[in-house]
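Q: I'm just starting to read protein structures and would love a guided close-up of a single part, followed by a short tour of a few other spots. Please keep it friendly and explain each term as it comes up.

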Amino acid sequence: MQIDIFQVDAFTSSVFGGNPAAVCPLQAWLPDVVLQRIAEENNLSETAYFVPKDEGFELRWFTPTVEVDLCGHATLAAAWVLFEQLGEQRDVLRFFTRSGELRVSREGGLLSMDFPAKQPEAVEIPAALLQALGLNRAEALYRTDDYLLVVDDERLLDELKPDFVALAQFGVRGIAVTAPSREFDFVSRWFGPSVGVNEDPVTGSAHTSLAPYWAERLGKSQLRAQQGGARKGQLQCQVLDNGRVIISGHGALYLRGSIFL
């Protein structure tokens, strides 16, 4: 069996930036164990698979260790492959996922994803969390399926030295550390050792929580964001009144090839 595979750098307009994801178009679902083994072999934060269904596509995402409910950058990568490599003519794609129906539209080279927004709730900051991140202080901590730890200086993000074993013990999908920025509305880094990804360069799904928090704090619905440590990507976010958030970015093809099973 031969399977096409694409590696796309998402949330960047050039290779070696943003967040790489593998994308495998399928005509029918393979056994879950095979999907997981391919993701493990790819050793990227996410491998996306899609299968045609009705007027759209079933879409699933796998880290090297588990299947996840939602992944923004791999959704953008899958849409980019359909639009730019597979000749998709529709301007809006419908993806059927474990998180419900997701839609991705295109305008020029910019792809926009329509996701359900999450409203972070304030919680007490565990001292062990600061210790695991190598931080002495933080402003506040919020929780959705992730922790959102707010700090007051974006330079603190570059100084983070996480203990990934300790971070994996907190019972959340991942930990986002975020701060206001001079160049962007906000910046962040995201760590997900509990789902097999120590650090994700750009996590679209995390912005379903980050964007609503910063929109309320800054009093604006359209936001420019940057995420990452040594490797960074850029996002545009729009928080809507209907409980949705639009997350937009570019993509760049790194490789196209075949998997032989």
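What follows is one close look at a helix, and then some stops elsewhere in the chain. Which residues of α6 are buried, and what is A215 in contact with, leaving aside its neighbours within four places in sequence?

A: Happy to help! This is a predicted model, in which local features need pLDDT of at least 70 and side-chain atom pairs count only at pLDDT 80 or more, while totals for chains, interfaces and linings use all residues. Residues are numbered from 1 along each chain as its sequence is written, and side-chain values use heavy atoms, with hydrogens and water left out.

Let's begin with your helix. α6 spans residues 207-218 (helices are DSSP runs of H or I with at least four residues, strands are runs of E with at least two, and both are numbered from the N terminus). Nine of its twelve residues are buried, so α6 is largely enclosed by the rest of the structure (buried means under 20% relative accessible area, exposed over 50%, and partly exposed in between, with a 1.4 Å probe and protein chains only). If you'd like to find the buried residues on screen, look for H207, T208, S209, L210, A211, P212, Y213, W214 and A215. Just after the helix comes G219, where phi is positive, at about 70°.

Now zoom in on A215, which sits in α6. Its relative accessible area is 11%, so A215 counts as buried. Setting aside residues within four places in sequence, A215 has three partners in contact: K220, L223 and V239 (contact means heavy atoms within 4.5 Å). For a sense of distance, take L135: it lies 80 residues from A215 in sequence, and their C-alpha atoms are 25 Å apart in space.

The aromatic residues of this helix deserve a pause too. Across the whole structure, a search turns up nine aromatic pairs (rings of Phe, Tyr and Trp, the last by its six-membered ring, pair if their centres lie within 6.5 Å; planes under 30 degrees apart are stacked, over 60 edge-to-face, and the rest tilted). In the pair formed by Y213 and W214, the ring centres are 5.1 Å apart and the planes stand at 80°, so this pair is edge-to-face. Y213 and W214 are both buried. Ring pairs also join these two with Y142 and F186, and together the four make up a cluster.

Next, here is another helix to set beside yours. α1 runs over residues 32-42, and L35, Q36, I38 and A39 are its buried members. Looking down the axis of α1, you would find these buried residues within an arc of 160°, so they line one face of the helix (the arc is that of the directions from the helix axis to the C-beta atoms). On the face turned away from that buried side, V33, R37 and E41 are exposed. What do the buried residues of α1 pack against? Their partners are five strands: β1 (2-10), β3 (47-53), β4 (56-62), β5 (67-68) and β18 (251-260).

Follow the chain out of α1 and you reach N43. This residue belongs to the loop between α1 and β3. Its phi is positive, about 55°, although N43 is not a glycine. With a relative accessibility of 58%, N43 counts as exposed.

A little further along the chain, D54 also has a positive phi without being a glycine; the value is near 50°. You'll find D54 in the loop between β3 and β4. Its relative accessible area is 69%, so D54 is exposed.

Our last stop is G243, in the loop between β16 (232-239) and β17 (244-249). At 35% relative accessible area, G243 is partly exposed. Along the chain, G243 and P116 are 127 residues apart, yet 6.2 Å separates their C-alpha atoms. Not counting residues up to four places away in sequence, G243 touches F115, P116 and A117.

To come back to your helix: α6 is largely enclosed, with nine of twelve residues buried, and A215 in it touches K220, L223 and V239, its neighbours within four places left aside.
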